[in-house]
Amino acid sequence: RLRLPVGERLAAAEIADESEEPPPQPTTESAIAAPTLEHGVKCLRAAITQCDEALRTAGGLAHGALVARAAQGTLSQADEYALQVHTVRRVATLQLAWCALVLADPLAALGWCEALLACEGLAHNLKAHAHTFACDALCHLDRSAEAAPHAREALALSDAMGGVVAASEAPPAGEGNELEPVRNVWYEREALGDGKAAAGLYATLASVHVLRDDLAQARACVAQAMSLVGNPLLGMMLFITHWFVTFLFSGLFIKISSVIWPLRILCYITPMRWGMPSMIYQAFSPYDGERGDVFEGAGKCTPSPFFGPLFCYGGFFCEGISPLECYGRTGKDILGTVGINFDVISDEFTMWTDIAYMVAIAVCWKLLFVVQLNRLCSGGTAPSAPAAKKKPPRKGDKAAVDGPVREVEPAAAAQGTGLSSQATDASELGFDPLATADVEVGDIDQMRQMRMTSVAAVPLQSQPTVSLQDFANRGSREAARKLRSGGEQTELAFIECSYTLTIAPKSRWAKFVPLPAAERCCGAKATEKRLVSNVSASVSAGHVLAVMGPSGAGKTTMLNMLTLDPGSGNATGFLTLNGHPLTPALYAQHCAYVTQQDLLWTFLTCREHLRMALDLYRPSLSAKERETAIDDLLDSTGLMSCQHTKAGNMFFRGLSGGQKRRLSLAIALAKRPSVIFLDEPTSGLDSAASAKIMSFLKVIAQRTKIAIVCTIHQPSASVFEGFDDTLILSSGRIAYFGPAAQLAQHLKGVGRELPANANPAEYALDVVNADFTSKASVLEVLDAWPKHAPPVFLREPQQLGERGAVSGFVGQVLLLFKRHAVLTVREPMLYTARMVVIFAVTVFFCVVYLESRQLTQVQIMQKAFYVFWFVCVPVAFPVIAVYALNAEFVTVKKEVKDGMYGPMAYALANGLLQLPMMFTFGLCAMLP
């Protein structure tokens, strides 16, 4: 095509040979820009020059005169030769205009087109091509106003010729008016049978469902990972931000090639980027013309590379509408046309590749969730040894410690407490907290009349070992009398415990750089604040140790150290259980923690809570033994009357505050721990319920030989009577540690005699409260304690009792899957509400885009937008689950720390449950 025969005589056969197929055109930019094109331009120029010379030799007759002679039939052989030379010259001129566009010279192309349009008698097809190339050249020169008349003229010529001009890359040479126009090629419709049509429809629906499930699964994994953020509102904000990022970088708002690095990586790691193209493909691919369902109004045309969207956008022409709204007849035609502007949309089937990418993204988020969950549930950190001492002080050492850590002899756990050595049953005191679920006023009055000396310490070696299942079908009083364990002696000791918090400097520049660098470059010095200072105490089996103090005294910090959750500060000291360092593994086996906020499962009943705890803590129990143990725990904690009541929360009514506290304690007792920690067990309860809880803890400690440590903010007199030992803190220092009954004597010894009829606990807290008492007076009390504290030491390591094997990994996964399946059915927010909202939103969009069912060109983009909203909006609803999962994670973290199950078992059970739920979400979205 690019080489025209040039010579002295031009034969008509060489000018136009319609039977000869043109050679294939270059399809890449590199091939078009090859040196052959420039050589072709030289040949074309030479052809035009020799055509002009040949016309001068032939007499210089004009094209119009030659056409008139042809009409009269007086055309000689020389005239016929001259007419053919005119045609060759015009075709060469048009080809030069095309070459100039290819070589990015729109001014030259415009000049050739204007020269060609100035010729008289120009054939319609050549004139249409000339106007087309002139329009392209003017568009490249940003002269759109001048290009519009050329576009209108080209369209008018096309209509006059009865079809669309076949504008190939190089216009074919031929005889002027004898070139036949290329008309629209319409697709033929062929109806298929109903069975094949239905099969194709179901296959499409199945593909959309799979894509929707994978996309929902990926977003659910993102929601899980965001739920591990400490603040649930922050987690919800992060999830919405992630959704917006996936929304923006899905490839529909900005071309991926236009996104700068490193932001472009977001286009490849977002699940919506891979789910959206396949969803749009599945929405249009069924319209293949085989079932007679094609989009009407589009005719096929062949655009030139430089024609632009003004004439034949995407290879289709639609009469009566803008070329930019003409996309094609079949689904593949439409996908190819839309893909011109949206590079993520293609007419190729890439569903399995897209699913693989979405699964990989979901797996990455799931792994992030598992790693973060395992890190947060690692079990805590034990305090490090003080810098001055590498070993804790033991019996025989010369150095004493600051604070009384009493060495408990195996034969007498209550030695040095001043209590009677005779065993006394709770029924002999006139009030049995294990027997009733509600507290009577008369019982509280009887407790206030009791004296601490009447509560006997139970001898340890004379008690038989009685398991909980021995109390089947017996009254709570009989169960309480026999709930005594003659097991091993347990002592929790903590010596020289300190907690220091490093406070960052208040510098304008230091807050933007790490602390060491801030100290070097900004001169800012960090300060240290000691929240706990050299606290030493111990609690033995059968005793209740209450940690008291005013606000800011360090009670919560001290309890966090004992439960191996020191936070970001530096915790030092010696923390032992029976002489063994308390490690996370030892804690998980022998300790339990009842937090201030009862961490219960909202939609599980009391019996279901205890059944799950026994299944996980003690899997060796038979079904009958397990039910018997559940009845014993319910009976002893006074929960038998509400055993089928759900725990409830702030949105759903359930157990009362006192019942929740007793249920939390019953779950801890199901583990049969050696030590139970309680944070503010009386918080939020009235005085009657608080007294009942503390008396219940005291009897439980004595009967089961469990050491109990609890923090109390402001105990009443009746609550104070439930303490065996008390530890009073002020400004992180010890003001008193010892038997609660001897507190008044100690206050008298330091010059703070207890007034008549005063509550010892309230008076002691007033004495050490620096907010309402002079600091000098408080310091005097604190400085007096080391003088009254006898030097004591830790016991030698002794063997800890075996607690039995917990459930294995497979058993944990099955039990957790069963529990969360029940919660899924009962929990309205986590899954049920999302199903309803997804269904409602999908119905809403179906109504809004109801007209998109029509197979017209105008509704093509409406259908595409419907698919877009159908994909993007429902995947934002997991933000609802972020809040619920965050609250669930707090409970899971506590249960993992207590050794109920492992984090991997929870992650696997939760993931197995998510798969069918995502399938259900897909059904809810597909039904409308």
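In this predicted model, six strands form an open sheet, a 6-strand arrangement with mixed pairing whose order is S8-S9-S10-S5-S11-S12. Its edges are strand S8 (591-594) and strand S12 (733-739), each of which pairs on one side only, and neighbouring strands of the sheet are turned by 15 degrees against each other on average, direction ignored. At the S8 edge, the pairing of S8 with strand S9 (residues 675-679) is parallel and extends over 4 bridges; within this region, Val-594 has Leu-678 of S9 as its bridge partner.

Helix H18 (residues 555-562) packs on the sheet, where it touches strand S5 (544-548), S8, S9, S10 and strand S11 (725-730), and its direction makes about 150 degrees with that of S10. Helix H27 (residues 775-788), in turn, lies across S11 and S12 and runs at about 55 degrees to S12.

Turning to the backbone, two residues that are not glycines have a positive phi, as listed below.

| Residue | Phi | Relative accessible area |
|---|---|---|
| Asn-578 | about 55 degrees | 0% |
| Lys-705 | about 55 degrees | 7% |

Asn-578 is found in the loop between strand S6 (570-577) and strand S7 (580-581), whereas Lys-705 belongs to the loop that separates helix H23 (687-704) from strand S10 (707-712). Because buried means under 20% relative accessible area, Asn-578 at 0% counts as buried, and Lys-705 at 7% likewise counts as buried.

A further backbone feature is the cis peptide bond that joins Trp-261 and Pro-262, with omega about 5 degrees; Pro-262 sits in the loop between helix H10 (232-248) and helix H11 (266-269).

How values were computed:
Residues are numbered from 1 along each chain as its sequence is written. This is a predicted model: local features need pLDDT of at least 70, side-chain atom pairs count only at pLDDT 80 or more; totals for chains, interfaces and linings use all residues. Side-chain values use heavy atoms; hydrogens and water are left out. Helices (H or I, at least four residues) and strands (E, at least two) are DSSP runs, numbered from the N terminus. Buried means under 20% relative accessible area, exposed over 50%, partly exposed in between (1.4 Å probe, protein chains only). Two strands pair if DSSP finds at least two bridges between them. Axes are lines fitted to C-alpha atoms, for helices over the stretch in contact, and angles run from 0 to 180 degrees between N-to-C directions. Contact means heavy atoms within 4.5 Å.
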